[in-house]
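The following exercises are to be worked with the sequence and the three-dimensional model at hand. Each task is followed by a solution that proceeds step by step.

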Amino acid sequence: MSTVTPAGSAPQPLPRNHGPEGAQPGYLLLEDGTRFDGFSVTHHAPAVGEVVFTTSMSGYQETVTDPSYRGQIVVFTYPLIGNYGVAREHMESDAIHARAVVMREGVDAEDAPCAEGGWLSWLTDCAVPALSGADTRALVRHLRDKGAMRGGVFPAAVSPAEARALIEAEPPMSGRDLVGEVTPQQPFELPPADGVAERAFVAAIDTGIKASIVRNLRERGVRLRLFPAYSSAQELLVANPDAVFLANGPGDPAALDRIVATVRELVGKVPVWGICLGHQLLCRAVGLETFKLPFGHRGANHPVKDLATGRIDITSQNHGFAVLGPRGERRVEGDEPLRWETDFGTAELSQLNLYDRTVEGLVLRDVPAATVQYHPEAGPGPHDAVYQFDRFLEQLIGGSR
Ligand SMILES: NC(=O)CC[C@H](N)C(=O)O
């Protein structure tokens, strides 16, 4: 299944002008037995997955269509979700990947200016369960204290015993490879955006690439060929790209050894740039380790410091795993660009998260390769860091072809 909507094609049936199916009592159960009641307002069927929260105040449609949310139930901390409806241009892929959503108050708002349909109607049409009326403040404090964990959204008719059995049957996120569910079967090529001259040819390993990353690259003159995630290094190299891009994507990077081995074969032979899962895969490929964050970073307000310039960007983030620092630490102390030795020469810690001091970016000094953990494409989120796309093209590829 392709996760990118080629420009112009109809991505997903958007909602007709009808209201949701009607609220019925429902609940969220976590694997530790904690229960939060609310109303099932869209598709009245059970859904299980890793329960995570995002602090973004807008961008609910981008969030649920981001393939990186595959296998997860998304809790929104912002108390009102759906207030500007949904529209085709906000799709990050051609499907909803979140298993379910949990909200304090979900609304349809299909008449909102710019809306092509209502949020709850769309979730209903796409058979995605939604729990509304839940105490999301208490739920998020619980997840912050205890960590992201498995759980499920259930109509009240499902007994807690049945619910527990369904949650138990769900594999934990650690060790999970979900890329196979979102990667395309065949390579697919996209030209630069209309009216933009071609500047570079980039081969992307499509582990679930977001449409806004594709858009940002094409707008800068990139002809982009998306390769199935399990393509060999040889298949990418014979295409003779100017650079390889490693995309975002779902699941645990430590479960993706096959792709890591491919990246290892590419580093040093062609410039490599990665975002989020791509950052984690490049880091693993050069010999660094990843670990699971307690409750992840999901939101649009994470401050990240560029250690070379001192500049602080407010960034969009969505990740549950992170890369260990130069001395194997989870929190990096100090504000100096730190260096460490990898299998491919010196790596420099280029960016740092100022909330929890985790690794946010890496540059390899002896071969052309760089990564960021956050989302410079800002879909959704502030645009502070979109310059990273220009930096990538200038530093790794150079001027025009
Ligand atoms: N957005 C992403 O690429 C997420 C990467 C990885 N699945 C994580 O949760 O850390």
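**Exercise 1. A strand and its partner**

Task: Determine how far strand β11 is enclosed, and describe its pairing with β12.

Solution. The model is a predicted one.
Step 1. Strand β11 covers residues 200-206, and six of its seven residues are buried, so the strand is largely enclosed by the rest of the structure.
Step 2. Strand β12, residues 222-228, pairs with β11 in the parallel sense, and the pairing extends over seven bridges.
Step 3. One of the bridge partners can be located directly: F201 is matched with R223 in β12.

**Exercise 2. The overall form**

Task: Which radius of gyration does the protein have, and does it agree or disagree with that of a compact globule?

Solution.
Step 1. For 401 residues, a compact globule would have a radius of gyration near 21 Å.
Step 2. The protein has 21 Å, which agrees with the expectation.
Step 3. The C-alpha trace spans about 60 × 45 × 35 Å along the principal axes.
Step 4. The secondary structure comprises nine helices and 20 strands.
Step 5. Of the 401 residues, 52% count as buried.
Step 6. Consider the contacts between residues at least 6 apart in sequence: 74% of these join residues at least 24 apart.

**Exercise 3. Two domains and their contact**

Task: State the bounds of the domains, and describe the side of domain 1 that touches domain 2.

Solution.
Step 1. The domain assignment gives domain 1 as 24-168 and domain 2 as 179-397.
Step 2. Their centres, taken over C-alpha atoms, are separated by 28 Å.
Step 3. In the contact between them, 23 residues of domain 1 meet 23 residues of domain 2.
Step 4. On the side of domain 1 that touches domain 2, the elements giving two or more residues are β3 (47-54), α1 (60-65) and α3 (136-146).
Step 5. The largest share of that side, three residues, comes from β3.
Step 6. By class, the side of domain 1 that touches domain 2 has seven nonpolar, eleven polar and five charged residues.

**Exercise 4. The shell around the ligand**

Task: Which residues surround the ligand, and which strand gives the largest share of the shell?

Solution.
Step 1. The surrounding residues are S68, N248, G249, P250, G251, C276, L277, N318, H319, G320 and F321.
Step 2. Strand β16, residues 312-323, provides the largest share of the shell, namely four residues.
Step 3. Sorted by class, the shell has four nonpolar, seven polar and no charged residues.

**Exercise 5. A covered helix**

Task: How many residues of helix α8 are buried?

Solution.
Step 1. Helix α8 covers residues 277-285, and nine of its nine residues are buried; the helix is mostly covered.
Step 2. The buried residues of α8 include L277, H279, L281 and R284.
Step 3. Just after α8, G287 takes a positive phi of about 105°.
Step 4. L277 of α8 is buried, and L277 is also one of the residues that surround the ligand.

**Exercise 6. The pairings of β15**

Task: With which strands does β15 pair, and in which sense?

Solution.
Step 1. Strand β15, residues 290-306, pairs with β16 in the antiparallel sense over ten bridges.
Step 2. Among the partners, T290 is matched with V323 in β16.
Step 3. The two strands, β15 and β16, form a hairpin with five residues between them, and G310 in the turn has a positive phi of about 80°.
Step 4. Strand β18, residues 345-353, also runs antiparallel to β15, and three bridges join them.
Step 5. V304 stands opposite N353 in β18.

**Exercise 7. Two residues compared with the cut-off**

Task: Classify V75 and P155 as buried, partly exposed or exposed.

Solution.
Step 1. A residue is buried if 20 or more other C-beta atoms lie within 10 Å of its own, and exposed if 12 or fewer do.
Step 2. V75, which is placed in strand β4 (residues 72-76), has 25 other C-beta atoms within 10 Å and is therefore buried.
Step 3. Beyond its sequence neighbours up to four places away, V75 touches V51, V52, F53, V102, T136, L139 and V140.
Step 4. P155 lies in strand β9, residues 149-155; with 18 other C-beta atoms within 10 Å, P155 is partly exposed.
Step 5. P155 and H44 are 111 residues apart along the chain, and their C-alpha atoms are separated by 5.9 Å.
Step 6. H44 is also one of the residues that P155 touches, together with Q24, G26 and S40, not counting residues up to four places away in sequence.

Definitions and conventions. Residues are numbered from 1 along each chain as its sequence is written. This is a predicted model: local features need pLDDT of at least 70, side-chain atom pairs count only at pLDDT 80 or more; totals for chains, interfaces and linings use all residues. The radius of gyration is taken over C-alpha atoms; the globule rule is 2.2 Å times the number of residues to the power 0.38. Two residues are in contact if their C-beta atoms, placed from the backbone, lie within 7 Å. Domain bounds come from an automatic or database domain assignment. Ala, Val, Leu, Ile, Met, Phe, Trp, Tyr, Cys and Pro count as nonpolar, Asp, Glu, Lys and Arg as charged, and the others, Gly among them, as polar. A residue is near a molecule or strand if its C-beta atom, placed from the backbone, lies within 6 Å of it. Two strands pair if DSSP finds at least two bridges between them.
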